[in-house]
Amino acid sequence: MFRACCRLRYYLRLRCTTCNIIILLVLLSGSQVWIWCRRQQVNPETTDIDEFPMDHVKHGRERMAEHIAGLSAYSYQMRPVNCGQVFKGDKEEIKRSSKIGTNSKYYRKYFLQEFKSCKVIRESSKYIFNVSEEEKQFPIAFSILLYKDFFQVERLLRAIYRPSNIYCLHIDAKSSKSLHDNIRRLAACFDNVFIASKLEDVIYSGFSRLQADLNCMSDLLKTNISWKYFINLPGQTYPLRTNLELVKILKIYNGSNDIEGITGARMLTGRFKYVYKIADVKGKKTLENTYKKKLPPPHNISIVKGSAYGVFSRNFVKFVISDQRVQDFVKWLEDINSPDEYIWATLHHTKLNQHLNTPGGYKGDPDKKPWLATYAIWKGLAPCSGIWVRSICVFGVGDIPHLIQKKQLFVNKFYFNLQPVALNCMEEWYFHRVRSPLKLDLEYYRKLPFVNS
């Protein structure tokens, strides 16, 4: 641009500063017009979803373009990603695809346009409606807690959706109106997807996060579907097992829960030995330690730490909602830090709380059993090719070859706008597994120590 300006100035024999500024502005305007014209050629305006050129879509990187945004979202890229090579750990393919970004404005534009018709959502977005008799006879209840990234949540729902299951979506009360509207429009397209009856203003590490789970649990028990298990999920997770595989595994569990248990130094006792309160810091609600000593838990309950996520039998959920001792314990949890990481583990591990007689509880040592509900990487325990957020790995493309080998049911977590090829390839791998089921090592799950303990 500078060289062009100097040449034009030389040919026109212009020497004043004002003339130089005028020439520079003209050249800048011209370049912007050229860029706009090129964009119109690549991404022409359209109002008909059927006009999108879909014939080229073959690879995992482009699956979301096929489902949601059409060719335009990825048209600026040089060539498709080969997810097959990513699965094999090809370093060159992983390195190249890790640098590919997402043009999210096209997702917003075209997907919301597609939302005008539930028929288009149900058919064009590849939701699965045909299920086996085994799946029909073993319905599963899910909750998804979300606060952002509608497109990623929709992809999660699309993966786990089956007409025999039931789904409760909890939207953070303070999330944007557009997110609330879009999620409600999505849920309205399915008879077995609903919004939680009460939405919480979720505060990180606060009781409201647990209350959101409890709200969905209560709502799901009131439905007319006799689901067998409940699985709570965050919006950034993705399945490692198909619904049919989940059914086979949960049938082996046969009423046992899959809940993480941690005792000893890793319990972070400061979180529940002091009273915490909600404080307003620069207009944002946050949890603050008052350093006031907290009374012991009611009913002689011993605290165990674990994850906020798990796999819960229907009887366990009934126990949580209806048992008075649990209700007293829930009340005690209201002013601690991260109560969602203590409630399930405490109730489940009956070695320390035998008197609770928890349905599906585990009688053995909490620290000496595997936890299969969700796979995550904590900082310092394993490498992460994505980024670390609050000491948890947000997975990147380089993590995919390892993730698809895991025995866990779900993996947490991905970000829609961070190395989007990672989630796209996971989606390709998952739906290939749905279409072409692989032999599942069920013997591994039968030998789990918490099964019928």
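Trainee: Why is D335 called partly exposed?

Mentor: Its relative accessibility is 24%. Buried means under 20% relative accessible area and exposed means over 50%, with partly exposed in between (1.4 Å probe, protein chains only). The value for D335 falls between the two limits, so the residue counts as partly exposed. This is a predicted model, in which local features need pLDDT of at least 70, side-chain atom pairs count only at pLDDT 80 or more, and totals for chains, interfaces and linings use all residues. Residues are numbered from 1 along each chain as its sequence is written, and side-chain values use heavy atoms, with hydrogens and water left out.

Trainee: What makes D335 and K294 a salt bridge?

Mentor: The N to O distance between their side chains is 2.4 Å. A salt bridge requires a side-chain nitrogen of Lys or Arg within 4 Å of a carboxyl oxygen of Asp or Glu, so this pair qualifies. The two residues come from distant parts of the chain, 41 residues apart: D335 from the loop between α15 (324-332) and α16 (343-348), K294 from the loop between β7 and β8 (311-313). Helices (H or I, at least four residues) and strands (E, at least two) are DSSP runs, numbered from the N terminus.

Trainee: Why is K294 called buried?

Mentor: Its relative accessible area is 17%, which is under the 20% limit, so K294 is buried.

Trainee: Which residues are joined into one network by salt bridges that share partners?

Mentor: E154, R155, R158 and E427. The whole structure holds 23 salt bridges.

Trainee: How do you know that K177 and D181 form a salt bridge?

Mentor: Their closest N and O atoms are 2.7 Å apart, so the pair meets the limit. Both residues belong to helix α10 (residues 177-187), four residues apart, about one turn of the helix. K177 has a relative accessible area of 63% and is therefore exposed, whereas D181, at 31%, counts as partly exposed.

Trainee: What makes β3 and β8 edge strands?

Mentor: The open sheet has five strands in the order β3-β2-β1-β4-β8, with mixed pairing. β3 (193-195) and β8 each have a single partner strand, so one side of each is left without a neighbour in the sheet. From one strand to the next, the twist averages 20 degrees.

Trainee: How do you know that β2 and β3 pair?

Mentor: Strands pair if DSSP finds at least two bridges between them. Strand β2 (residues 166-171) and β3 have three bridges, in the parallel sense, so they count as paired. Y167 stands opposite V193 in this pairing.

Trainee: Why are β6 and β7 called a pair?

Mentor: Eight bridges join β6 (residues 274-281) to β7 (residues 284-293), so the requirement is met. These two strands run antiparallel, and K277 stands opposite E288. Two residues lie between the strands of this hairpin, where K282 takes a positive phi near 55 degrees.

Trainee: Why is helix α12 called largely enclosed?

Mentor: Eight of its eleven residues are buried, so the rest of the structure largely encloses α12. The buried residues include L246, I249 and Y253. After the helix comes N254, with a positive phi near 50 degrees.

Trainee: What makes a set of residues a nonpolar core?

Mentor: The residues must be buried Ala, Val, Leu, Ile, Met, Phe, Trp, Tyr or Cys, joined through side-chain atoms within 4.5 Å. The largest such core has 48 residues, and F142, I183 and Y253 have the most contacts inside it. Another core lies apart from it, with 36 residues, among them L214 and M267.

Trainee: Why does S205 count as buried?

Mentor: Its relative accessibility is 16%, so S205 falls under the limit of 20%. This residue sits in the loop between β3 and α11 (207-221). Not counting residues up to four places away in sequence, S205 touches L287, I336, N337, S338 and P339, where contact means heavy atoms within 4.5 Å.

Note on methods: Axes fitted to C-alpha atoms, helices over the stretch in contact; angles between N-to-C directions.
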